Amino acid sequence: MIEVRSLRKEFAGRPVLRDLSFDIPDGRITALLGANGAGKTTCLRIVTGLLRADSGQVLVGGIDVASEPLAVRRQLGVVGDREGLYERLSVKEYLTLFAQMQGLRGRDLSRSLEAVRSELELGDLWARRTVGFSQGERMKVSLARALVHRPQHLILDEPTRGLDVLAARLLRRTLLRLRDAGTTIVFSSHVMSEVLELSDRVLIMADGRLVGDDEPRALMARSGCDNLEDTFVSLAYGQQTESLEQEVLA
Ligand SMILES: Nc1ncnc2c1ncn2[C@@H]1O[C@H](COP(=O)(O)OP(=O)(O)OP(=O)(O)O)[C@@H](O)[C@H]1O
C-alpha cells in the first residue's frame with residue numbers, strides 16, 4: 001500500500017500540490033489522471049523519493065519515504081518520465097548493474113535477469129549497447145530495470161507514451177500479469193482506453209488537488225457519463241469549462 005498524506009509542493013512560490021492525499025491499494029492497478037500541469041509527475045517524483053515535498057508524508061509499505069529512502073527503494077520499481085540509460089553498456093550489463101545495486105548476487109541474480117529477459121522479450125536487444133535505442137526499446141529496458149529486483153510496488157509515469165501498438169500491448173499485458181501476481185501498480189496516463197482496460201481504480205487530479213477517486217465505472221456512474229473521457233473532462237476541467245461557457249454566453 002502507498003499512503004499519500006497532505007502533500008504540498010510549490011515551485012518558485014507557485015503551488016503545484018495543494019494538500020493532496022490518497023491511498024494506492026495493494027495488488028491493484030491505479031491510474032493517476034490529470035490535465036497537463038495538474039501535478040502528476042511532481043506527485044510521483046515525491047512518492048519515489050526523487051523530490052521532497054514542502055510538507056506532508058508518503059508511506060510505502062508502511063515506511064516513510066523521506067526518512068528511509070533506501071528501504072523504500074528496495075520495495076519500488078520506477079519507470080520515470082525522463083529515462084537515462086547508460087549508453088556504453090549493453091542491456092545485460094545495464095540490468096546486471098541495477099540488480100546488483102539492489103543486492104542481487106549469484107543464482108538469484110541470474111534468475112532475475114533471465115526472468116525479465118523472457119518476460120519483456122529482450123532477447124534481440126540483450127547484447128546490444130543501448131546507444132541509439134528507439135523509444136519502445138528504451139521503454140522495455142527501463143521497465144526491465146524497474147522489475148529486475150521483483151519490487152512489491154511499481155510506479156510508471158506515462159509508460160506507453162511514444163510506444164507503437166505492439167510495444168504498448170506488451171506493456172499492458174505485463175502490467176496485468178504483474179497485478180495478478182500481487183504487485184501494486186500506479187501509472188499516469190492521458191490515454192483513456194488504456195486506463196479503462198488496465199485500472200481497478202482511477203485518481204483524478206486538477207490543479208494539485210484530488211477531484212476523483214474510485215473504480216472507473218463508479219466514477220462514470222456518479223458523474224452521469226457513459227464513458228471515461230467525458231467523466232474525466234467533467235471532473236478535471238469542470239470549473240474551467242463552466243467559466244469558459246459563462247464567458248462565451250456573456
Ligand atoms: N522543477 C520544477 N521547477 C518549476 N516548475 C516545475 C518543476 N517541476 C514541475 N513544475 C511545474 O509544476 C506543474 C506541474 O507539473 P507536473 O510535471 O507535475 O505536471 P503533470 O500533471 O505531470 O503534467 P503532464 O501531463 O504535462 O506531464 C507545472 O506547471 C510545471 O511547470
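**Exercise 1. Which residues of H6 are buried, and how are they placed around the helix axis?**

The model is predicted.

Step 1. Locate the element: helix H6 covers residues 165-180.

Step 2. Apply the burial cut-off, which asks for 20 or more other C-beta atoms within 10 Å. The buried residues of H6 are then Leu 171, Thr 174, Leu 175 and Leu 178.

Step 3. Look down the axis of H6. The buried residues fall within an arc of 100 degrees, so they line one face of the helix.

Step 4. Turn to the other side of H6, where Val 165, Leu 166, Arg 173, Arg 177 and Asp 180 are exposed.

Step 5. List what the buried residues of H6 pack against: E3, H4, helix H5 (135-147), E7, E8 and helix H7 (192-198). H6 itself lies across E3, E7 and E8, and runs at about 150 degrees to E8.

**Exercise 2. Check the span of H6 against the expected value, and describe what follows the helix.**

Step 1. H6 has 16 residues; at 1.5 Å a residue, these should span 22 Å.

Step 2. The end C-alpha atoms of H6 are 23 Å apart, which agrees.

Step 3. After H6 comes Gly 182, with a positive phi near 105 degrees.

**Exercise 3. Work out the strand order and pairing of the four-stranded sheet.**

Step 1. The sheet is open, has the order E2-E1-E4-E5, and is paired in the antiparallel sense.

Step 2. Find the edges. Strand E2 (14-24) and strand E5 (63-64) each have a single partner strand, so one side of each is left without a neighbour in the sheet.

Step 3. Take the pairs in turn.

- E1 (residues 2-11) and E2 are joined by eight bridges and run antiparallel. Glu 3 has Asp 23 as its bridge partner in E2.
- E1 and E4 are also antiparallel, with five bridges. Arg 8 has Ser 55 as its bridge partner in E4.
- E4 and E5 run antiparallel over two bridges. Leu 59 stands opposite Asp 64 in E5.

Step 4. Examine the connection between E4 and E5. The two strands form a hairpin with two residues between them, and Gly 61 in the turn has a positive phi of about 55 degrees.

**Exercise 4. Do the same for the six-stranded sheet.**

Step 1. This open sheet has the order E6-E7-E8-E3-E9-E10, with mixed pairing.

Step 2. Strand E6 (76-79) and strand E10 (209-214) are the edge strands, each of which pairs on one side only.

Step 3. Neighbouring strands of this sheet are turned against each other by 15 degrees on average, direction ignored.

Step 4. For a parallel example, take E6 and strand E7 (residues 153-157), which pair over four bridges. Val 79 stands opposite Leu 156 in E7.

Step 5. Add the helix H1. H1 packs on this sheet, touching strand E3 (29-34), E7, strand E8 (184-188) and strand E9 (201-206), and its direction makes about 150 degrees with that of E7.

**Exercise 5. Which residues of helix H9 are buried, and why do they lie on the same side?**

Step 1. H9 spans residues 228-236, and its buried residues are Leu 228, Thr 231, Phe 232, Leu 235 and Ala 236.

Step 2. These residues cover an arc of only 110 degrees around the axis, which puts them on the same side of H9.

**Exercise 6. Is Ser 110 buried, partly exposed or exposed?**

Step 1. Place the residue: Ser 110 is in helix H4 (residues 106-119).

Step 2. Count the C-beta neighbours inside 10 Å. Ser 110 has 13 and therefore counts as partly exposed.

Step 3. Relate Ser 110 to Thr 96, which is 14 residues apart from it along the chain; their C-alpha atoms are separated by 8.6 Å.

**Exercise 7. Characterise the protein chain as a whole.**

Step 1. The protein chain has ten helices and ten strands.

Step 2. Compare its radius of gyration, 19 Å, with the globule rule. The rule gives 18 Å for 250 residues, and the two values are close, so the protein chain is as compact as a globular protein of that length.

Step 3. The C-alpha trace spans about 70 × 40 × 35 Å along its principal axes.

Step 4. Buried residues account for 36% of the 250 residues.

Step 5. Consider contacts between residues at least 6 apart in sequence: 67% of them join residues at least 24 apart.

Technical notes. Residues numbered from 1 in each chain as written. Predicted model: local features only at pLDDT ≥ 70, side-chain atom pairs only at ≥ 80, totals over all residues. Pairing = 2+ DSSP bridges. Axes fitted to C-alpha atoms, helices over the stretch in contact; angles between N-to-C directions. Contact = placed C-beta atoms within 7 Å. Rg over C-alpha atoms; globule rule 2.2 N^0.38 Å. Buried ≥ 20, exposed ≤ 12 C-beta atoms within 10 Å, placed from the backbone. Arc of directions from axis to C-beta. Expected span 1.5 Å × (residues − 1).
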